[in-house]
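Q: Please take a close look at one part of this model, the aromatic pair, and describe the strands and sheets around the two rings.

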Amino acid sequence: PPFSAVFVSPTGEAWVERSVPAGAPRVMDVFDPAGVLKARVTLPAGRRLVGFGNGVIYLRHSDASDLQHLERYRI
């Protein structure tokens, strides 16, 4: 499929994860509540979207020891 996951933010935006080649950074299409494409966001390498907060997104990544880290980014 052309996408692999859908997340909905507290403001009603749909963040749709696009299919990308293996090892490539994840790309998210952001749609407003009316379904209009607002933005395309490329996540930092090795990060995965896991949630939303007030004006922020939370991303997860694993280090070389397989320890998982939670990061917060302002949107």
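A: The answer begins with the model and the chain, then turns to the pair and the two sheets.

This is a predicted model, in which local features need pLDDT of at least 70 and side-chain atom pairs count only at pLDDT 80 or more, while totals for chains, interfaces and linings use all residues. Residues are numbered from 1 along each chain as its sequence is written, and side-chain values use heavy atoms, with hydrogens and water left out.

The chain holds zero helices and seven strands, where helices (H or I, at least four residues) and strands (E, at least two) are DSSP runs numbered from the N terminus. The order of elements from the N terminus on is therefore β-β-β-β-β-β-β. With a radius of gyration of 13 Å, close to the 11 Å that the globule rule gives for 75 residues, the chain is as compact as a globular protein of that length; the radius is taken over C-alpha atoms, and the rule is 2.2 Å times the number of residues to the power 0.38. Along the principal axes, the C-alpha atoms fill a box of roughly 40 × 30 × 15 Å. Buried residues make up 28% of the 75 residues, buried meaning under 20% relative accessible area with a 1.4 Å probe and protein chains only.

A search of the whole structure finds one aromatic pair, the criterion being that ring centres of Phe, Tyr and Trp (its six-membered ring) lie within 6.5 Å, with planes under 30 degrees apart counted as stacked, over 60 as edge-to-face and the rest as tilted. The ring centres of Trp 15 and Phe 52 are 5.5 Å apart and their planes stand at 65 degrees, so the pair is edge-to-face. The pair links distant parts of the chain, since Trp 15 lies in strand E2 (residues 14–18) and Phe 52 in strand E5, 37 residues apart. Both Trp 15 and Phe 52 are buried.

On the side of Trp 15, E2 belongs to an open sheet of four strands with the order E1-E2-E3-E4 and antiparallel pairing, where two strands pair if DSSP finds at least two bridges between them. The edge strands of this sheet are E1 and strand E4 (37–42), each pairing on one side only, and neighbouring strands are turned by 20 degrees against each other on average, direction ignored. Strand E1 (residues 3–8) is joined to E2 by five bridges in the antiparallel sense, and Phe 7 stands opposite Trp 15 in E2. Five residues lie between the strands in the hairpin of E1 and E2, where Gly 12 takes a positive phi near 90 degrees. Further along this sheet, five bridges join strand E3 (residues 27–31) to E4, again antiparallel, and Asp 29 has Arg 40 in E4 as its bridge partner.

On the side of Phe 52, E5 belongs to an open sheet of three strands with the order E5-E6-E7 and antiparallel pairing. Strand E5 (48–53) and strand E7 (68–74) stand at the edges with a single partner strand each, so one side of each is left without a neighbour in the sheet. The twist averages 30 degrees from one strand to the next, from axes fitted as lines to C-alpha atoms, with angles running from 0 to 180 degrees between N-to-C directions. E5 and strand E6 (residues 56–62) pair over five bridges in the antiparallel sense, and Arg 48 stands opposite Arg 60 in E6.

Definitions and conventions
Buried means under 20% relative accessible area, exposed over 50%, partly exposed in between (1.4 Å probe, protein chains only).
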